[in-house]
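User: Hey, can you walk me through this one? I'm new to reading structures.

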Amino acid sequence: MAADAPAPTRTETDSLGSLEIPADAYWGVHTARAEENFPITKRPISVYPDMIRGLAMVKQASARANKQIGTLDAERADLIDAAAQRVIDGEFHDQFIVGVIQGGAGTSTNMNANEVITNIALEMAGRQKGDYAYLSPIDHTNRSQSTNDVYPTAIKIGLSLNLRSLLDELDLLRRSFLGKAAEFHDVLKVGRTQLQDAVPMTLGQEFNGFASTLGYDHKRLTENASLLFEINMGATAIGTGITTHPAYASAVLHHLREISGLDLKTADDLVESTSDTGSFMSFSSSLKRNAIKLSKICNDLRLLSSGPQAGLGEINLPAKQAGSSIMPGKVNPVIPEVVNQVAFAVAGADTTVTMAVEGGQLQLNAFEPVIAHSIFQSITWMQQAMWTLRVNCVDGITANRDRLGAMVGASVGVVTALTPFIGYAASAALAKTALLTNRNVADLVVEAGLMTREEVMKQISPARLSGLETVTAAIPVIAAEDLPEN
């Protein structure tokens, strides 16, 4: 049997020599060397589509700016523009193959984008891939640019685009908790501080608290996202703008704002902006805040649903899968557990970002690839975690109303609502008696002749116990020694 014919190739050359590139590949020699040098994560940059779109937007804006100021002829600029648009629209993402973690401060990613967009443009012009004498990845597609302004700008645009999806999912999750808050608005339960019984509240209030904290995080993430809008296009290598036309920075900003729809602005100090990556650290920190607070909510859901017989058992989480290979019938809170783990990963990623930001030296931070990967991964994982928490858990939560009612009835915390009427000392004495005798506090108050049954039931109504209806009556102090003997 004849051996398969070798796949056709084309030869491309850089300053290190020549390499054979698959004839159908849109990437070229620089990308091929990066793929060989950085087989670290086995994850190409294409796993973050918004980052690819950010790169293509930068290339498109640069082509338009170069055409506008006359540093690139219209024919080539329009080809680059059209090719970049196809990438923005989602085509050719499989051609972005360099690893997410790489040396070189992102040069390999920039060259991957230059080569792919150039070869798309060549094909659209009816020319062969690799015909760089006509259209060059460096001389034309990368005109007026450096990795050191392209890469951070593309990351910022990509993160801003990616964040929109995260914020949408965060708001859906918030609404899901609000829906449960409305459903459980009249379900009394015992509140707890330091895991000890405290005063009553409603389950609706508890779930409304979850919704509120997610709403606050939505605001913080939105605020910190604005830090990403400051870009350094036109800085080129170190911020001095070498090799660029004086009009390029303002022109590329105009086109990039139009293409991305983002309120971008050029940094006041391009040297500082090129070397500093503090905005990424601040943004990563806000992601960590959201992740940790979400994890705390999941801790509460696991605790509230614990049991179901020997734990709190106040709520029921949807049963999603068998929980044990040895214990029949066991069901575990697997959805909150996976969200917890995502939060741990996000916290670790934030530490990575912090160290990478600190590790920058002089006029450039060489560690932007791991910064980008860490933040994109955090956003991606958090978005998916929020989705599964909402769809596979929160939407299906039910309340164990009978159990909650029984716990409130037996709780000495109810007596707190009666202190404005019988005083603290009497309340404390009755609470002690209730604990020792396992009696209902309301019954003890009535038997002591301190309040009528009607008065007691009014004060321990859901509205009063949960604080939704305030009590402003005067407090007649009753000493403990004045209580009748039981």
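User: What joins E1 to E2, and through how many residues?
Analyst: A hairpin does that, through 2 residues. Keep in mind this is a predicted model.

User: Cool. How many bridges join E1 to strand E2, and do they run parallel or antiparallel?
Analyst: There are 6 bridges between E1 and strand E2 (residues 17-22), and the two run antiparallel. As one example, threonine 9 has proline 22 in E2 as its bridge partner.

User: And which side chains of strand E1 are buried?
Analyst: They alternate along residues 9-14. Arg10, Glu12 and Asp14 point to one face and are buried, while Thr9, Thr11 and Thr13 point to the other face and are not.

User: New topic: what's up with the phi of alanine 105?
Analyst: Its phi is near 60°, a positive value in a residue other than glycine. Most residues other than glycine have a negative phi. Alanine 105 sits in the loop between helix H3 (74-88) and helix H4 (107-124).

User: Is alanine 105 buried or exposed?
Analyst: Alanine 105 counts as buried because its relative accessibility is 6%, and the cut-off for buried is under 20%.

User: What about threonine 236, what's its phi?
Analyst: Near 50°, so positive as well. Threonine 236 is buried too, with a relative accessible area of 2%.

User: Which peptide bond is cis?
Analyst: The one from glycine 307 to proline 308, with omega near 5°. Proline 308 is in the loop between helix H10 (278-304) and strand E7 (315-316).

User: Last one: which residues form the negative surface patch?
Analyst: Asp268, Asp269, Glu272 and Asp276. Aspartate 268 is exposed, at 82% relative accessible area.

How values were computed
Residues are numbered from 1 along each chain as its sequence is written. This is a predicted model: local features need pLDDT of at least 70, side-chain atom pairs count only at pLDDT 80 or more; totals for chains, interfaces and linings use all residues. Side-chain values use heavy atoms; hydrogens and water are left out. Patches are made of residues with over 30% relative accessible area and no salt bridge: like charges are joined within 9 Å, nonpolar side chains (Val, Leu, Ile, Met, Phe, Trp, Tyr) within 5 Å. Accessible areas come from the Shrake-Rupley method with a 1.4 Å probe; for residues, only the protein chains shown count as cover. A salt bridge is a side-chain nitrogen of Lys or Arg within 4 Å of a carboxyl oxygen of Asp or Glu. Lys and Arg count as positive and Asp and Glu as negative; His and the chain ends are not counted. The place of a charge is taken as NZ of Lys, CZ of Arg, CG of Asp or CD of Glu. Buried means under 20% relative accessible area, exposed over 50%, partly exposed in between (1.4 Å probe, protein chains only). Helices (H or I, at least four residues) and strands (E, at least two) are DSSP runs, numbered from the N terminus. Two strands pair if DSSP finds at least two bridges between them.
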